[in-house]
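Here is a set of short exercises to work through at your own pace. Try each task before reading its solution.

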Amino acid sequence: MNFNEYQKKIEVTDRSGDAQKLLGHPINYYMYGMVGEIGEVFEKTKKLFRDHKGIPSEDFKTEITKEVGDVLWYLTRYCSFFDITLDDVASTNIDKLMKRLKEGKIHGEGDNR
């Protein structure tokens, strides 16, 4: 499956209607969800290092894949709100990174290095 196929297929799973209205603007639902799911990724990763010395088991990989998938869902719906495809996001990011690599600016700070 490619990014654009995923983006199209998950449209039918979005049941955020009333929640969007309550949050003041529809985009807030996706932003809050994304941040919440990223928090879950952080929590599971913290426990991996706290309880398992940073060595991922197959169970960890299964669970973290689900959590990262939830982050992807919210990110995808966020992009869809603005009519941005994930393929465009990925190709724009690769172009940016390759330009920085070529210019020796892959490290450092700032959005427009």
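**Exercise 1. Decide whether G39 is buried, partly exposed or exposed, and say which element holds G39.**

Step 1. Keep in mind that this is a predicted model, and that its values are computed. Start with the location: G39 sits in helix α3, which covers residues 26-52.

Step 2. Now take the relative accessibility of G39, which is 36%. Buried needs a value under 20% and exposed a value over 50%, with partly exposed in between. G39 therefore counts as partly exposed.

Step 3. Finally, look back to the start of the chain. M1 and G39 are 38 residues apart along the chain, and their C-alpha atoms are separated by 27 Å.

**Exercise 2. Find how many helices and strands the protein has, and compare its radius of gyration with that of a compact globule.**

Step 1. Count the elements: there are 5 helices and 0 strands. Read from the N terminus, the order is α-α-α-α-α.

Step 2. Turn to the overall dimensions. The C-alpha trace spans about 45 × 40 × 30 Å along its principal axes.

Step 3. Make the comparison. The radius of gyration is 17 Å, whereas a compact globule of 113 residues would have one near 13 Å.

Step 4. Add the surface. About 8,300 Å² is accessible, and carbon and sulfur atoms account for 59% of that. Of the 113 residues, 23% count as buried.

Step 5. Check how contacts reach along the chain. Taking contacts between residues at least 6 apart in sequence, 58% join residues at least 24 apart.

**Exercise 3. Work out which kind of aromatic pair Y29 forms with Y30, and which kind Y29 forms with Y74.**

Step 1. Begin with the total: the structure holds 6 aromatic pairs.

Step 2. For Y29 and Y30, the ring centres are 5.6 Å apart and the planes meet at 80 degrees. An angle over 60 degrees counts as edge-to-face, so Y29 and Y30 form an edge-to-face pair.

Step 3. For Y29 and Y74, the distance is 5.9 Å centre to centre, with 55 degrees between the planes. This pair is tilted.

Step 4. Ask what the second pair joins. Y29 belongs to helix α3 and Y74 to helix α4 (residues 58-81), so their pair ties together parts that are 45 residues apart in sequence.

Step 5. Put the rings together. Y29, Y30, W73 and Y74 are linked by ring pairs into a cluster. Two of its members can be checked for burial: Y30 counts as buried at 4% relative accessibility, and Y74 is buried with a relative accessible area of 15%.

**Exercise 4. Determine which residues T76 contacts and which residues R77 touches, leaving aside neighbours up to four places away in sequence.**

Step 1. Locate the two residues. T76 lies in helix α4, and R77 is found in helix α4 too.

Step 2. Check burial. T76 has a relative accessible area of 0% and is buried. R77, at 13% relative accessibility, counts as buried as well.

Step 3. List the partners of T76: Y6, Q7, I10 and L86.

Step 4. List the partners of R77: I10, E11, D14 and Y30. I10 appears in both lists, and Y30 also belongs to the aromatic cluster of Exercise 3.

**Exercise 5. Find where K53 lies and where D83 lies, and state whether each is buried or exposed.**

Step 1. Place K53 in the loop between α3 and α4. Its relative accessibility is 74%, so K53 counts as exposed.

Step 2. Place D83 in the loop between α4 and α5 (86-102). D83 is exposed, with a relative accessible area of 73%.

Step 3. Examine the backbone. K53 has a phi near 55 degrees, a positive value in a residue other than glycine. D83 likewise has a positive phi near 55 degrees and is not glycine.

**Exercise 6. Find the separation between the C-alpha atoms of L97 and E67.**

Step 1. Locate L97: it is in helix α5, and it is partly exposed with a relative accessible area of 29%.

Step 2. Read off the separation. L97 and E67 are 30 residues apart along the chain, and their C-alpha atoms are separated by 26 Å.

Notes: Residues numbered from 1 in each chain as written. Predicted model: local features only at pLDDT ≥ 70, side-chain atom pairs only at ≥ 80, totals over all residues. Heavy atoms only, no water. Helix = DSSP H or I, 4+ residues; strand = E, 2+ residues; numbered from the N terminus. Buried < 20%, exposed > 50% of the residue type's maximum accessible area, 1.4 Å probe, protein only. Phe/Tyr/Trp six-rings, centres within 6.5 Å; stacked < 30°, edge-to-face > 60°. Rg over C-alpha atoms; globule rule 2.2 N^0.38 Å. Contact = heavy atoms within 4.5 Å. Areas by Shrake-Rupley, 256 points an atom, 1.4 Å probe, with all protein chains shown as cover.
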